[in-house]
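Got the viewer open? Switch to a cartoon view and follow along.

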Amino acid sequence: ALIPSNSSPTDACMLSVMVPTGFHGVELADVQFGETVLVVGIGPVGLMSVAGTNMRGASRIIAVGTRPVCVEAAKKYGATDFISYKNGPIWKQVMDMTDGKGVDKVVIAGGGVETFAEAVKCLKPGGKIGNVNYLGSGDTIDIPRTEWGVGMGHKQINGGLMPGGRLRMEKLGALVSAGKLDVSPLSTHVFKGWDHLEEALFLMRDKPAELIKPVVVIEE
């Protein structure tokens, strides 16, 4: 895919994975104008889910996350409310926050197999869940029977792998080049040269508080 002339290689790194994955969660959840949406996880992918949800016209975006650097970025991308999983069950906080009504859609970009039960519990009948989170452990996913409408609540769960391809990536790149999407807040640590590859990899492993995403730029 061609990088827009007014975009940087650092921006292109975000366009290759973070933007299309985060946006795909929004597509899977089928976010519509005026809806209340819960975004679980505001790492780099979740932040792009917040941005995509905002572009789709959601009226309220509730983000689940605790790291200050990610919370501040989420605010810039359109999040209106924040929840910390450290303060109790996510679903209960959502129901308290929405006067017991719940949310129209949920985008899952973090958490584990237990996150699905939380999402189902706070989802309105007829709502949809879009998952782009890789579930690397656990044998089963729990779906709470009653909150799922005893199987008749029309609550849909959609999970998928990010679609790629030149056409899609260049369309997303057009959002950046047109000034509709600023991906620069994602690249909190930018290095130059091969010598920094190991350092950048360890940052991704250790996830210090000030990190969103590291990028190593290789220039001749």
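**Start at the sheet**

Select Val40 in strand 1 and look across to strand 4: the bridge partner there is Ile108. Keep in mind that this is a predicted model. Now widen the selection to residues 36–40 and 103–108, and you have strand 1 and strand 4, paired in the parallel sense over four bridges.

Zoom out to take in the whole sheet. Six strands make up an open sheet with parallel pairing, in the order 3-2-1-4-5-6. Pick 81–83 and 156–159 to find the edges: strand 3 and strand 6 each pair on one side only. From one strand to the next, the twist averages 20°.

**On to the helices**

Next, select residues 18–29. That's helix 2, which packs on the sheet and touches strand 4, strand 5 (123–131) and strand 6. The direction of helix 2 makes about 150° with that of strand 5.

Is helix 2 largely enclosed or left open? Of its 12 residues, 11 are buried, so the rest of the structure largely encloses it. Try colouring some of the buried ones, including Phe23, His24, Val26 and Leu28.

Fancy a quick length check? At 1.5 Å a residue, the 12 residues of helix 2 should span 16 Å, and the end C-alpha atoms are 17 Å apart, which agrees. Step just past helix 2 to Asp30, where phi is positive, at about 60°.

Last stop: select residues 90–97. Helix 5 lies across strand 1, strand 2 (60–64), strand 3 and strand 4, and runs at about 150° to strand 3.

Methods. Residues numbered from 1 in each chain as written. Predicted model: local features only at pLDDT ≥ 70, side-chain atom pairs only at ≥ 80, totals over all residues. Heavy atoms only, no water. Pairing = 2+ DSSP bridges. Helix = DSSP H or I, 4+ residues; strand = E, 2+ residues; numbered from the N terminus. Axes fitted to C-alpha atoms, helices over the stretch in contact; angles between N-to-C directions. Contact = heavy atoms within 4.5 Å. Expected span 1.5 Å × (residues − 1). Buried < 20%, exposed > 50% of the residue type's maximum accessible area, 1.4 Å probe, protein only.
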